[in-house]
Amino acid sequence: MTDATSTLPGTRTGEAGFGDYVALLKPRVMTLVVFTAFAGLMVAPVSLHPMVAFASILFIALGGGASGALNMWWDADIDAVMRRTRSRPVPSGAVRGDEALALGLALSGIAVVMLGLAANWAAAGLLAFTIFFYAVIYTMWLKRWTPQNIVIGGAAGAFPPMIGWVAATGSVSLESVLMFALIFMWTPPHFWALALFMKSDYADAGVPMLTVTHGRPATRRHIVVYTALLAPLAIGTAFSAIGGPVYLAVAVIMNLRFLQGAVAIARRDDAAAEADNYKVEKAFFRFSLYYLFAHFGALMVDAGLDRFGWGIW
Amino acid sequence: MGDLVMSFGKQHDLHQRRFGRNLGLGLVLLGFVAVMFGLTVAKVGGGAPTQGFDHVLRPEMLPETSQ
């Protein structure tokens, strides 16, 4: 997920291409939104018409993309400083900031209204709140203010499966809250691992990440604590209405490995990390992506087994 | 007449980028139309109420009551 390049801020000239506008929507983040929203919709105990389901996922993804464009508009100044983000369309000069704002606002409106028409207005309201939470609460407020930015702001990324569930059922329930909680608790260790091997990026940009405000050893310990809190929640979900034997097996294996990785990170210091170019931290970050895909994939497998009458509980 | 015909040289990168943008937008709009059409077919075919968004409730939309 890292895309550090040598493009310097403001060096792109000429007109923006179509790809630049697509890049504003953070397509890689959108894949996660699509997958988790799809999972939320699939595990819901209500079957939707395939076209309605497709349109719902499409507009949830569009809403996620719109919030990405709003984030890039607001964060252009700090994106220009960080190596990982300086080649984004706004800081590179490919797209103007006001264009990113206009695109973000327009797509937000389209996504919310279309989700309301395709599925229901409860899901549309939740999508509108998610866009607001990511663009205003996280991007404009938390990100530059508190080292808890990622902890609280993680809620924005946790909403898609809940929106998918609400699109199918029309209401929020315990199962959708469990899926929300899984991503919410997963987000801090995922981003803190990234912050560890992004070295001075966040400090240079003045973003109060935990690595900057509390130091890197404290961040390593925080990763272990959050991973340890995540494990019982992730495994416990197996015994809810959306869980099953496949999910239980996947959750046990993935959480043991995730914890193992977190402990390995905590046992190292920066000297050891520098020596092997942050190998353990990068592996943990990569594994965190597989972790999330595996959990939601397993939920869908169990839902499929249930539908064919092969569910065990 | 030959002198009046403007000769365009090799296509500039700017033109290619503009063409790509227009083509992309065109495809997005076509896709949107297709999604709207598909949704309409799904909603109407599924027996969803098609008069519910009118300003006035029609008698046939009201639930039946025994008198």
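This is a short tour of a predicted model, stop by stop, with a selection to make at each one.

Residues are numbered from 1 along each chain as its sequence is written, and chains are lettered from A, with ligands numbered from 1, in the order in which they are written. Local features need pLDDT of at least 70 and side-chain atom pairs count only at pLDDT 80 or more, while totals for chains, interfaces and linings use all residues; side-chain values use heavy atoms, with hydrogens and water left out.

**Stop 1: the annotated spans of chain A**

Start by colouring residues 29-48, 54-74, 95-115, 121-141, 223-242, 248-266 and 287-305 of chain A, which an unreviewed UniProt entry annotates as "transmembrane region". UniProt positions follow the numbering used here, feature names are shortened, and annotations may be inferred rather than shown by experiment. Now pick out residues 54-74 of chain A: the span is 100% helix and 0% strand, and its end C-alpha atoms lie 31 Å apart. Then try residues 223-242 of chain A, where the helix share is 70%, strand is 0%, and the end C-alpha atoms are 27 Å apart. Helices (H or I, at least four residues) and strands (E, at least two) are DSSP runs, numbered from the N terminus.

**Stop 2: aromatic pairs**

Rings of Phe, Tyr and Trp (its six-membered ring) pair if their centres lie within 6.5 Å; planes under 30 degrees apart count as stacked, over 60 as edge-to-face and the rest as tilted. Over all chains, the count comes to 14 aromatic pairs. Select A:F35 and A:F293 for a tilted one, with 4.7 Å centre to centre and 40 degrees between the planes. A:F35 sits in helix 2 (residues 27-43) of chain A and A:F293 in helix 15 (residues 279-307) of chain A, so this pair ties together parts 258 residues apart in sequence. A:F293 is partly exposed, at 33% relative accessible area; buried means under 20%, exposed over 50%, and partly exposed in between (1.4 Å probe, protein chains only).

Move next to A:F129 and A:F133, whose ring centres are 5.9 Å apart with planes at 55 degrees, so this pair is tilted. Both residues lie in helix 7 (residues 121-142) of chain A, four residues apart, about one turn of the helix. A:F129 is partly exposed at 37%, whereas A:F133 is buried at 11%. Add A:F132, A:F159, A:F180 and A:F184 to the selection to see the cluster that ring pairs link together with A:F129 and A:F133.

**Stop 3: two buried residues**

Zoom to A:P161 in helix 8 (residues 149-169) of chain A. A:P161 is buried, at 0% relative accessibility. Beyond its neighbours within four places in sequence, A:P161 has contacts (heavy atoms within 4.5 Å) with A:T36, A:A37, A:G40, A:M179, A:I183 and A:F296.

Then go to A:T211, in helix 11 (residues 210-213) of chain A, which is buried at 9%. Not counting residues up to four places away in sequence, A:T211 touches A:A195, A:L196, A:R216 and A:T219.

**Stop 4: chain B and its interface**

Finally, show chain B, which has one helix and zero strands. Of its 67 residues, 9% count as buried. Where does chain B meet chain A? Here, 15 residues of chain B are in contact with 19 residues of chain A. Highlight B:R17, B:R21 and B:L39, which supply 42% of the area that chain B buries against chain A, more than any other three residues. Together the two chains bury about 1300 Å², 69% of it on carbon and sulfur atoms; buried area is the accessible area (1.4 Å probe) that two parts lose on being put together, summed over both.
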